[in-house]
Protein chains: 4
Amino acid sequence: MYPAVFLLEGTAMLVVMEEKASSKQIEEVMQRIRALEYECHRIEGEKGIVIGATGNGRGWHRLQVLECLPGVERVVPISTPYKLASRETKGVTTDFLVNDIEIGNGHVVVMAGPCAVENEAQLMETARVVREAGGSILRGGAFKPRTSPYSFQGLGEEGLRLLAQAREAFGLSVITEVVSPQNVELVATYADILQIGARNAQNFSLLKEVGQIAKPVLLKRGMMTSIEEFLMSAEYVLSEGNSKVMLCERGIRTFETSTRNTLDISAIPVLKEKTHLPVIVDPSHAAGDWKYVPPLSMAAVAAGVDGLLIEVHPWPEKALSDGSQSLKPERFQKLMTDIRHLGQVLGRNA
Amino acid sequence: MYPAVFLLEGTAMLVVMEEKASSKQIEEVMQRIRALEYECHRIEGEKGIVIGATGNGRGWHRLQVLECLPGVERVVPISTPYKLASRETKGVTTDFLVNDIEIGNGHVVVMAGPCAVENEAQLMETARVVREAGGSILRGGAFKPRTSPYSFQGLGEEGLRLLAQAREAFGLSVITEVVSPQNVELVATYADILQIGARNAQNFSLLKEVGQIAKPVLLKRGMMTSIEEFLMSAEYVLSEGNSKVMLCERGIRTFETSTRNTLDISAIPVLKEKTHLPVIVDPSHAAGDWKYVPPLSMAAVAAGVDGLLIEVHPWPEKALSDGSQSLKPERFQKLMTDIRHLGQVLGRNA
Amino acid sequence: MYPAVFLLEGTAMLVVMEEKASSKQIEEVMQRIRALEYECHRIEGEKGIVIGATGNGRGWHRLQVLECLPGVERVVPISTPYKLASRETKGVTTDFLVNDIEIGNGHVVVMAGPCAVENEAQLMETARVVREAGGSILRGGAFKPRTSPYSFQGLGEEGLRLLAQAREAFGLSVITEVVSPQNVELVATYADILQIGARNAQNFSLLKEVGQIAKPVLLKRGMMTSIEEFLMSAEYVLSEGNSKVMLCERGIRTFETSTRNTLDISAIPVLKEKTHLPVIVDPSHAAGDWKYVPPLSMAAVAAGVDGLLIEVHPWPEKALSDGSQSLKPERFQKLMTDIRHLGQVLGRNA
Amino acid sequence: MYPAVFLLEGTAMLVVMEEKASSKQIEEVMQRIRALEYECHRIEGEKGIVIGATGNGRGWHRLQVLECLPGVERVVPISTPYKLASRETKGVTTDFLVNDIEIGNGHVVVMAGPCAVENEAQLMETARVVREAGGSILRGGAFKPRTSPYSFQGLGEEGLRLLAQAREAFGLSVITEVVSPQNVELVATYADILQIGARNAQNFSLLKEVGQIAKPVLLKRGMMTSIEEFLMSAEYVLSEGNSKVMLCERGIRTFETSTRNTLDISAIPVLKEKTHLPVIVDPSHAAGDWKYVPPLSMAAVAAGVDGLLIEVHPWPEKALSDGSQSLKPERFQKLMTDIRHLGQVLGRNA
């Protein structure tokens, strides 16, 4: 009657017993652990008993409810719950090609363009700027997830067609966002990389869907997603068979309001330690203000990022979406020069 | 070439000019405001000029990019961006029937049941407990959005069938979650109320879809969704034509880790002030620990909530999902008695 | 050469070894644990070794640096670091008298008054209102910790004298804040209860100082203080010999801005579980808006709080500090009636 | 009767009236604004009236309580509340000398040493390492603010003497923390720079005290201090007459737990925009793990920081405090080389 239950191997839990727990209560906990086909390890301390449970991960989540048993103080998990995304599992760092562009492997890829595709003139002009400044991937939203139903929602398929047209004209690859499982196939027809936005970071239906296509996926961290949850979201895509996943830090929500979000720069070295997947930073959405984009870009490169996602707009004051965080062409060109310079010093190919 | 752009009426912005802004810069800002068909209001202060812009909301988002213009210090919105959800717009409090159960209008509705539908025995036993304790709506997840792809994902349509069976057997109404736009129609066939989970609070494709059905929707607040964003998400459902929306506070993510989330109890009076929609609290997911569910339930009722969503499980230590936050039957019965008692004192029908 | 190092008994740590840790590395860790006079407990799992360390707490903090050793993945503490504040240590709930007012033991004490003592007329009028409505303790700040050096900083000793005068006139006890170790003695001369404000929640010099006086202390939780840190701050006061400590939840800082802070209502049952000390709630500073004070007060009482700290001002629109969160007299009287009513239903003496 | 009230010039407020506000209510608000000696500016929009109030700052805080008046929707401040710390007020960037070391003016100063001074051998060895690697300022805590009263609290004056001894021996300047107003004079006798720790970021008694000495102050941002509050704390020191203030970002508290705190890297460009004071970053306390210190240090330099505060310990596994975040000597030497290299590329003197 149950659907297939996926399994996780080699996980462990610690069951901390109350100081006053009776031997009968301890025995009851150990029996239940064994009933779930886990091994028991009894540790005696001055303040009572801790019981370790290790096993192949089958029914791992059931161990947590031991917390309901009499005599149990708390249950503490001690293994990472993700597997395919873990650096421990796959020792080698992941790199791959998007058309002829190397992702990972010491390169710093720059993906740039407008927040939203607005019309042909805007997109072609931006593509020209990105190409001339040395960017290799054009970003631009055709389907926009907007907080308000009354905001501009994107051009839809017309936007995808314009992106494809810009790709032809300027030899750039294209990244664009997909917001609904029904549109994955359509977007994959036009785009070289599919982007999952921050608000969909835990939209598991959508993650499973993009796990089944053959194109790379850039997964944005949610505003409220912990590093561990972020890796679990990547695990959804990986476990469906798509191994080309980039992780994009784009700012988390904190109490601070002087920037739109707080760029979690530490996420770069933390992710580099925990996973083999390439790490990208989006300084534009993190800051919400173009003035902060150059220093944050430089910081991300110095911290070891594999790429940047930057908003550029030829006429930001006319933008239909997020204009105040877009760089103007000349500032973007200057930043590209600085990034290349910094990359050389650090031995990166930027 | 543009898709239909939705409009918001009667909004306003304040453009704060830098102290050293030139008259030419001020003139330029005012021209642009007028070009967007907004009225200009010039205010002179000791530290420079502030320009007010008011209008019918057309192109409202474009006003924000005035921040890019030379001489502009910042742009401040001063109207609420939601309209249908606003109490200002609709003076009367919203109430409606789910079958014969009154939502709003002074009632405290209790929706209870297991986190996930696991099997017939578990669901029937829980339904019996809920019915006998005086609950009127049975909750239970058939499609579960789980952080890990390796966790139990729900029984799917089999779970929906069991919910329908329990409804028949015990005369309860049924609430269950929908996680994907493709499944809205299916879930609506079986359920009396559709639940949108916290991780989908800004899944706008899904919100639009449930906005087009004839059944009530319970919309959970995201872990890091502000009150204003929460109301904007409700606006997505309302603007598609579905006016039966309940707002459910279920804990927000903060730095505190002694509870799973931090129940934002203030959201009750704040929402009551800002919107006419009924407000529900889910103490089980907020606390993540059954021990805290009774005091939080009592607090929510005392603060004026319209209903509670409570996890009950006949055998929590065997639960496949969130067992540690489920109340056992006898504790639930005791809580129902306390809630009724409290409701009477406060002049509510619980 | 070292200063006296205080000790904590019965603590424990778990050292999780990396999967690839060598036997030599494991041996090295165990030797160091033993060198610190802790007992070692070796647990073998499928993913490697976990070493438990239990002992009398001497040098407990040194165990954490085992994380620096090769082969160690992480170090996890598994005991509570506070002792005198712990319910586990002292089974009986703490209650005490402030003059003839019972704190704890089922009572709901109401401390009310203006944020800042401004002048004689204001304080006397407020004291009259508090007394007539049935409040028993008068609050009022003479030394005000203000974010800006340009804000009103309080009347100082003149304010203390006015508080003493109001006490005489109306038979109320008095609570007021102390902001500096040098002033503890002075404030204790006038006040019945000393308040430590949220910004000083981890001002350990001040906490030690109030730990040495004979008067009760109301310790406010910091905006950024976790429950565990809050209890550690209480431990500073208790460990200096002062056992009359009240813990006051007053809202924590989160991303939500519709209230000044987010009242952590769950802190009431969590603290009740972890400590024997009385728990107070300050809904006025949490909400920052008088409109939300009545529902939050009722919620706190329903959740089991031992007392409330409420701002009342006879003329809030003239207040020099936090006027927008102060209740007017008639609203305070209404709230007192509602609290008493609710308390009776719940079997509390309000 | 009032103590001296400090004044702020050129501030402004906006009073947004409710749509349904009567002309009498509007008139009442305007009269009160004028009564506080502010000028009124009436703006008419489609959704009602907004009243601007500008003036010399006298009684500015009283304007906020207009929110209590009938017909008022809300009150919005529109000027920065800090003045001496503001870049707007003082156009030129602040730089100064600590002995012969330049702070600001394009230099990247490195202050390094142990979290706590533990004994002579440890401090002398660390000082040697710092000197040889090219660091110019030695850090080390003699008075330690610790969350637990049972943790090592520092050597006190003995620690200060050891710091002075290390200064003599190695020609380094010395920075150390002061935790209590009573100790400011003592600490200033030994130290070249006084540090205010994160937990004392809003300990205004202490801030006023260090504002009256002639030595530079490094002010750490609190874990949950906003940028604006941080600048207000600096304003306390500046307004007492001490103009040599450095602002130190050391990580803020967020929901993310994979690092001890979240380094707010954006605070560097934000502070550079808002204030003329030098900005320092402490990557060690932000990360809480030595592995992340090098990439975060590089990121901070790339983002334009004026200096770094880094924990170095010759034997971190024996440290009495925060050992797990301390760099070993060889790693610190390598990092110093990398920082110098990066600084040269960026045109900074590191």
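A charge is taken to sit over a ring if NZ of Lys or CZ of Arg is within 6 Å of the ring centre and within 35 degrees of the ring normal. In this predicted model, the charged end of Lys291(C) meets that rule, sitting over the ring of Tyr292(C) at 5.9 Å from its centre. Chain A offers a matching case: Lys291(A) lies over the face of Tyr292(A), with 5.9 Å to the ring centre.

Tyr292(A) also leads into the pairing of chains A and D. Together with Phe255(A) and Val345(A), Tyr292(A) supplies 20% of the area that chain A buries against chain D, more than any other three residues. The size of an interface is often given as the accessible area lost when the parts come together. For chains A and D that area is about 2,700 Å², with 73% of it on carbon and sulfur atoms. Each side takes part with a good list of residues: 33 residues come from chain A and 33 residues from chain D.

How are the two chains arranged relative to each other? Chain A is superposed on chain D by a rotation of 180° with 0.0 Å of shift along the axis, and the RMSD of the fit is 0.1 Å. This is the relation of a two-fold axis. The same surface serves both copies, as 100% of the contact residues of chain A recur in chain D. Which residue of chain A comes closest to the rotation axis? That place belongs to Ala299(A), whose C-alpha lies at 2.0 Å.

Ala299(A) appears again in the surroundings of Ile265(A). Beyond residues up to four places away in sequence, Ile265(A) touches Ala299(A), Ala300(A) and Ala303(A) in chain A, and Leu263(D), Ile265(D), Leu296(D) and Ala299(D) in chain D. In soluble globular proteins, nonpolar side chains tend to be buried together. Here the largest nonpolar core has 166 residues, and those with the most contacts inside it are Ile265(A), Phe332(A), Ile265(D) and Phe332(D). Another core lies apart from this one and has 165 residues, including Val174(B), Val178(B), Leu194(C) and Ala302(C).

The aromatic rings make a short list of their own, with four aromatic pairs over all chains. One of the pairs is formed by Phe204(A) and Tyr236(A), which are stacked at 4.6 Å centre to centre with 20° between the planes. This pair links distant parts of the chain: Phe204(A) is in helix H6 (residues 204-210) of chain A and Tyr236(A) in helix H7 (residues 227-239) of chain A, 32 residues apart. Are these two rings' residues buried or exposed? Phe204(A) is buried at 6% relative accessibility, and Tyr236(A) is buried too, at 1%.

Chain C has a pair of this kind as well. The ring centres of Phe204(C) and Tyr236(C) are 4.6 Å apart and the planes meet at 20°; planes under 30 degrees apart count as stacked, so this pair is stacked. Because Phe204(C) lies in helix H6 (residues 204-210) of chain C and Tyr236(C) in helix H7 (residues 227-239) of chain C, the pair ties together parts that are 32 residues apart in sequence. Phe204(C) is buried, with 5% relative accessibility, and Tyr236(C) is buried, with 1%.

Away from the rings, Thr126 and Pro314 give a view of another region. In chain B, Thr126(B) lies in helix H3 (residues 120-133) and is buried, with a relative accessible area of 1%. Residues up to four places away aside, Thr126(B) touches Gly113(B), Pro114(B), Val312(B) and Pro314(B). In chain C, Pro314(C) lies in the loop between strand S14 (307-311) and helix H11 (329-345). Pro314(C) counts as buried at 12% relative accessibility. Its contacts, leaving aside neighbours within four places in sequence, are Gln122(C), Glu125(C), Thr126(C) and Pro329(C).

A last feature concerns the backbone. Most residues other than glycine have a negative phi. Asn99(C), however, has a positive phi, near 50°, and is found in the loop between strand S5 (96-98) and strand S6 (101-103) of chain C. With 48% relative accessibility, Asn99(C) is partly exposed. In chain D, Asn99(D) likewise has a positive phi of about 50°. Asn99(D) is placed in the loop between strand S5 (96-98) and strand S6 (101-103) of chain D, and is partly exposed at 47%.

Technical notes. Residues are numbered from 1 along each chain as its sequence is written. Chains are lettered from A and ligands numbered from 1 in the order in which they are written. This is a predicted model: local features need pLDDT of at least 70, side-chain atom pairs count only at pLDDT 80 or more; totals for chains, interfaces and linings use all residues. Side-chain values use heavy atoms; hydrogens and water are left out. Copies are superposed by least squares on the C-alpha atoms of residues with pLDDT of at least 70 in both. Contact means heavy atoms within 4.5 Å. Rings of Phe, Tyr and Trp (its six-membered ring) pair if their centres lie within 6.5 Å; planes under 30 degrees apart count as stacked, over 60 as edge-to-face and the rest as tilted. Helices (H or I, at least four residues) and strands (E, at least two) are DSSP runs, numbered from the N terminus. Buried means under 20% relative accessible area, exposed over 50%, partly exposed in between (1.4 Å probe, protein chains only). A nonpolar core is a set of buried Ala, Val, Leu, Ile, Met, Phe, Trp, Tyr and Cys residues joined through side-chain atoms within 4.5 Å. Buried area is the accessible area (1.4 Å probe) that two parts lose on being put together, summed over both.
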